[in-house]
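Student: I have a new model open on my screen and would like to understand how it is put together. Could you walk me through it?

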Amino acid sequence: MNLRSLRCLSSRLGGALNVFDRSMKRKQKQWASSLLDSDKYDYLRDEVGSRVADRVYDVSRTFPLALDVGCGKSHIAEHLSKDIVEHLFLTDVSDSSLRNRRKCEIPSHCVLADEEFLPFKENTFDLVLSSLSLHWINDLPGALRQIHQVLKPDGVFIGAVVGGETLYELRCSLQLAELEREGGFAPHISPYTAVTDLGNLLGQAGFSMLTVDTDEVQVNYPGMLEVVRDLQGMGESNCAWNRKPLLHRDTILAAAAIYKEMYGNEDGSVPATFQILYMIGWKPHESQAKPAKRGSANISFADLSSLNKLQKTNEKS
């Protein structure tokens with residue numbers, strides 16, 4: 001059973017999965033944010049953070065109080081102005097990330113907190129943001145319910161997560177190399193959420209007026225080893241409990257050769273694809289537009305058919 005099926009089952013049964021080692025993920029983020037050259041690995045988070053900020057501007061309202069869940073080094077706030085977000089709370093599981101956060105003009109307050117356990121009261125925030133953090137959550141349905149809970153009525157959640165097609169080049173290359181060299185393969189790329197599930201999860205959490213869209217960011221690298229190095233620098237190494245701790249040298253070299261042979265560019269570089277899923281959901285409020293009740297239409301399909309025939313007759317005459 002894959003992560004998609006498990007999360008849907010978990011949501012129906014009200015249980016929580018334990019797919020990821022959250023302690024390991026915290027250590028990975030701590031290590032990555034403490035690197036002296038950590039900024040050079042922020043290109044993906046910066047790009048996606050700016051795209052999340054664009055969606056905030058599209059809402060065309062001012063938010064007195066906002067929350068960034070799993071903010072990392074605050075890759076969204078630097079793209080926002082205090083005219084749009086007046087005050088901001090930043091939360092992350094890594095205190096090193098919070099200490100090394102980007103400067104922004106919005107008055108901000110940092111809170112060391114796990115994305116799975118938000119320490120805020122109900123109906124607190126006008127806006128909740130999250131970028132490239134929730135894909136490491138064990139109980140994603142539960143996390144979305146908590147986000148819904150801390151939002152005020154008519155508040156909005158705008159987020160981005162890594163989608164299921166992410167790093168398919170690396171995943172396929174490693175699997176083929178292990179099959180060839182070791183006779184079987186283990187998961188090395190973390191399982192991610194499918195775009196087809198995201199709307200259902202948001203709806204089950206209580207959100208309305210949903211928007212889900214997908215985008216791809218493709219980055220070129222000198223080779224597969226540089227892809228893996230940058231993932232480590234991002235704090236995005238696999239932390240699933242069933243991960244294989246080590247790869248044989250022969251398998252790594254074979255995977256790098258397969259990667260270049262199957263996906264390599266003409267200039268010798270190799271691409272790595274990141275599928276990004278963007279989501280927007282609103283906490284219901286009586287002021288929001290509601291769909292018309294079923295059967296309340298003033299015209300039937302038969303009437304429409306008659307009107308179309310009459311229009312065609314008039315056009316001929």
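What follows is a conversation about the sheet, some individual residues and the cavities of this predicted model.

Student: Let's begin with the sheet. Which strands are its edge strands?

Tutor: Start from the strand order, which is β3-β2-β1-β4-β5-β7-β6 in an open sheet of 7 strands with mixed pairing. An edge strand pairs on one side only, so look for the strands with that property. They are β3 (108-112) and β6 (208-221).

Student: How many degrees are neighbouring strands of this sheet turned against each other on average?

Tutor: The sheet has mixed pairing, and the average ignores direction. With that in mind, the turn between neighbouring strands is 15 degrees.

Student: Is strand β1 largely enclosed or open to the outside, and how many of its residues are buried?

Tutor: In the strand order, β1 sits between β2 and β4. Buried here means under 20% relative accessible area. Strand β1 covers residues 63-69 and is largely enclosed by the rest of the structure, because the buried ones among its 7 residues number 6.

Student: How many bridges join β1 to strand β4?

Tutor: Take the other partner to begin with: β1 and strand β2 (residues 85-92) are parallel and share 6 bridges, and Leu 65 stands opposite His 87 in that pair. Strand β4 (residues 125-131) also runs parallel to β1, and there Asp 68 has Leu 129 as its bridge partner. The number of bridges between β1 and β4 is 3.

Student: And what is the bridge partner of Ala 160 in β7?

Tutor: Strand β5 (residues 151-162) pairs with strand β7 (residues 270-282) in the antiparallel sense, over 7 bridges. Within β7, the residue that partners Ala 160 is Tyr 278.

Student: While we are in β7, is Gln 275 buried or exposed?

Tutor: Gln 275 lies in strand β7. A polar atom of its side chain is 2.9 Å from the backbone nitrogen of Glu 165. The relative accessible area of Gln 275 is 11%, and a residue counts as buried under 20%. Gln 275 is therefore buried.

Student: What is the relative accessible area of Glu 178?

Tutor: Glu 178 is found in helix α6 (residues 168-182). Its C-alpha atom is separated by 9.1 Å from that of His 248, although the two residues are 70 apart along the chain. Glu 178 is buried, and its relative accessible area is 1%.

Student: Now the backbone. Where is Leu 167 placed?

Tutor: Leu 167 has a positive phi of about 55 degrees although it is not a glycine. Leu 167 is also buried, with a relative accessible area of 3%. Its place is in the loop between β5 and α6.

Student: Met 209 has a positive phi as well. Is Met 209 buried, exposed or partly exposed?

Tutor: Met 209 lies in strand β6, and its phi is near 50 degrees. Its relative accessible area is 39%, and values between 20% and 50% count as partly exposed. Met 209 is therefore partly exposed.

Student: Let's turn to the empty space. Which element gives the largest share of the lining of the largest cavity?

Tutor: The structure holds 4 cavities of 30 Å³ or more, and the largest cavity has about 120 Å³ of space. Its lining has 13 residues, with Ala 32, Ser 33, Arg 45, Ser 97 and Met 234 nearest the centre. The elements giving two or more residues to that lining are α2 (22-33) and α8 (224-234). The largest share, 3 residues, comes from α2.

Student: How many charged residues are in the lining of the largest cavity?

Tutor: Divide the lining by class: 2 residues are nonpolar and 7 are polar. The charged residues number 4.

Student: Last one: how many nonpolar residues are in the lining of the second largest cavity?

Tutor: The second largest cavity holds about 90 Å³ of space, and α3 (43-59) and α8 each supply at least two residues of its lining. Among the lining residues are Leu 44, Val 162, Leu 167, Leu 231 and Phe 274. By class, 2 residues are polar and 2 are charged, while the nonpolar residues number 8.

Technical notes. Residues numbered from 1 in each chain as written. Predicted model: local features only at pLDDT ≥ 70, side-chain atom pairs only at ≥ 80, totals over all residues. Heavy atoms only, no water. 1 Å grid on protein atoms, 1.4 Å probe; cavity = no way out; pocket = protein on both sides within 12 Å on 5 of 7 lines; lining within 4 Å. Points joined across faces, edges and corners; volume = space filled by probe spheres on them. Helix = DSSP H or I, 4+ residues; strand = E, 2+ residues; numbered from the N terminus. Nonpolar A, V, L, I, M, F, W, Y, C, P; charged D, E, K, R; others polar. Buried < 20%, exposed > 50% of the residue type's maximum accessible area, 1.4 Å probe, protein only. Pairing = 2+ DSSP bridges. Axes fitted to C-alpha atoms, helices over the stretch in contact; angles between N-to-C directions. Polar contact = N/O pair within 3.5 Å; in protein donor to acceptor, adjacent residues only side chain to side chain.
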